[in-house]
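Me: Please take a close look at the cavities in this model. I would like to know what lines them.

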Amino acid sequence: MNYRHHFANAIGRLEAERRYRVFADLERSAENFPTARWHRGEAEPEDVTIWCSNDYLGMGRHPKVIAAMTEAAGQYGVGAGGTRNIAGTSHPIVKLEAELADLHGKDGALVFTSGWISNLASISTIADLIPDCLILSDALNHNSMIEGVRRSTAQRMIFRHNDIAHLEELLKAAGPERNKLIVFESLYSMDGDIAPIAEIVDLAERYNAMTYMDEVHAVGLYGPRGGGIADREGLMARVDVIEGTLAKGFGTLGGYIAADKTIIDAVRSYAPSFIFTTALPPAIAAAASTAVKILKDGDALRAQHQRQALLTKHALSAAGLPVMANPSHIVPVFVGDAELCKAASDMLMERHNVYIQPINYPTVAKGTERLRITPTPFHSDAHIAELVDALVDVWKALKLPFEEPKIVKFRRAAQAEPVCSFPEFKKAAE
């Protein structure tokens, strides 16, 4: 029996809905980040500027991080050698977990092979180990958190996004004696908005609930030591479980949770996704540990990152482009149509050598499609000026709507030099 047509039909549905995703074959340059070589079939490779990388601080090309990985690979080899239970608990991964526990002011930490797995494994395991647990999950939580909630056998309810009144209503209805787990993110990466963490932990303490917070898009980037939004707001001690990634602000690979040692031990001992998965290789653990150490003293780099993100928002808004306002480093530009969003992305590459991946359903709701721009400290003022010109050209070519230009304080600096260089983290934001 031929099953191939089922899969062809599934792909056809995506293409009909203009949701079929095409991967750009990119060759990142550690020396020239955020520039990459774009390979496309028989055509000659071209240089493009990446404007949508999750390597928010460029730590993936930091010379000390690269050196740590190279040295560890030479010393330990390139593989982990097994699961954590079977020869995979290397000394570098033990040191990494200690660094992460210290970063978040917790007794312990546990490293996974990805942030997606850390959410899936931890949320489902924690909820299932709490008798009669009710999970209260934010409506805009990431897919990995949703899958963790679904994997659990616990009852679950969804509260409206960042809606404290609705969350309290659900907590009150559950009663103080019911075991409850509140699951939310600190920074939501598609809209760039930030959770009311203080109000959520206030409610958790008032109604006897446990808290689990995803800091994936904030660790390394916010707080005096890079611990995330909760670090910035002095709230880490009041959040029971903090989940993060090593693949974004820290520029490497992997995910983790930080919490009380007993919670860490329970997840380590019960989560199948942890127990039966090969461990993170020691070379990656060593690189990640180095990145965490560097960013504990990385205020200048964080300040430069915030400066370039703010400058990008202001420059795009001044040109009348529909930037979706938020208080974070995420710069979403609204399109509102899947086909036009893909067309805008393609045109940026073809005409301007600017790479911004379109964000369509199911990552965002239908009708809210957008281009998600993520400036880094290595995007110069000249890069930003070029981005504005490219987007304005594409918006005109596709007849996309402009907004009333907003007054901004920043000058256009088309000939500016790059604003950041390693290893000194020069030129903090003025």
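Reply: For the classes used below, Ala, Val, Leu, Ile, Met, Phe, Trp, Tyr, Cys and Pro count as nonpolar, Asp, Glu, Lys and Arg as charged, and the others, Gly among them, as polar. With that split, the lining of the second largest cavity divides into 7 nonpolar, 4 polar and 1 charged residues. This is a predicted model, and it holds 2 cavities of 30 Å³ or more.

The second largest cavity has a volume of about 70 Å³. Its lining is made by Arg-84, Ile-93, Val-111, Phe-112, Thr-113, Ile-117, Ser-273, Phe-274, Thr-277, Thr-278, Ala-279 and Leu-280. Strand E4 (108-112) and helix H10 (272-275) are the elements that give two or more residues to this lining. The charged class here holds Arg-84, while Thr-113 and Ser-273 are among the polar residues.

The largest cavity encloses about 80 Å³ of space. Around it lie Arg-18, Arg-19, Tyr-20, Arg-21, Val-22, Lys-342, Gln-357, Pro-358 and Asn-360. By class, this lining has 3 nonpolar, 2 polar and 4 charged residues. The charged ones include Arg-18 and Lys-342.

One feature of the surface can be set beside the cavities. Met-1, Tyr-3 and Phe-7 make a nonpolar surface patch of about 460 Å². Tyr-3 sits in the segment before helix H1 (4-16). Tyr-3 counts as partly exposed because its relative accessibility is 47%.

Notes. Residues are numbered from 1 along each chain as its sequence is written. This is a predicted model: local features need pLDDT of at least 70, side-chain atom pairs count only at pLDDT 80 or more; totals for chains, interfaces and linings use all residues. Side-chain values use heavy atoms; hydrogens and water are left out. On a 1 Å grid over the protein atoms alone, a cavity is a set of points where a 1.4 Å probe fits but cannot get out, and a pocket is an open set with protein on both sides within 12 Å along at least five of seven lines; lining residues have an atom within 4 Å of a point. Grid points are joined across faces, edges and corners, and a volume is the space filled by probe spheres set on the points. Helices (H or I, at least four residues) and strands (E, at least two) are DSSP runs, numbered from the N terminus. Patches are made of residues with over 30% relative accessible area and no salt bridge: like charges are joined within 9 Å, nonpolar side chains (Val, Leu, Ile, Met, Phe, Trp, Tyr) within 5 Å. Accessible areas come from the Shrake-Rupley method with a 1.4 Å probe; for residues, only the protein chains shown count as cover. A salt bridge is a side-chain nitrogen of Lys or Arg within 4 Å of a carboxyl oxygen of Asp or Glu. Buried means under 20% relative accessible area, exposed over 50%, partly exposed in between (1.4 Å probe, protein chains only).
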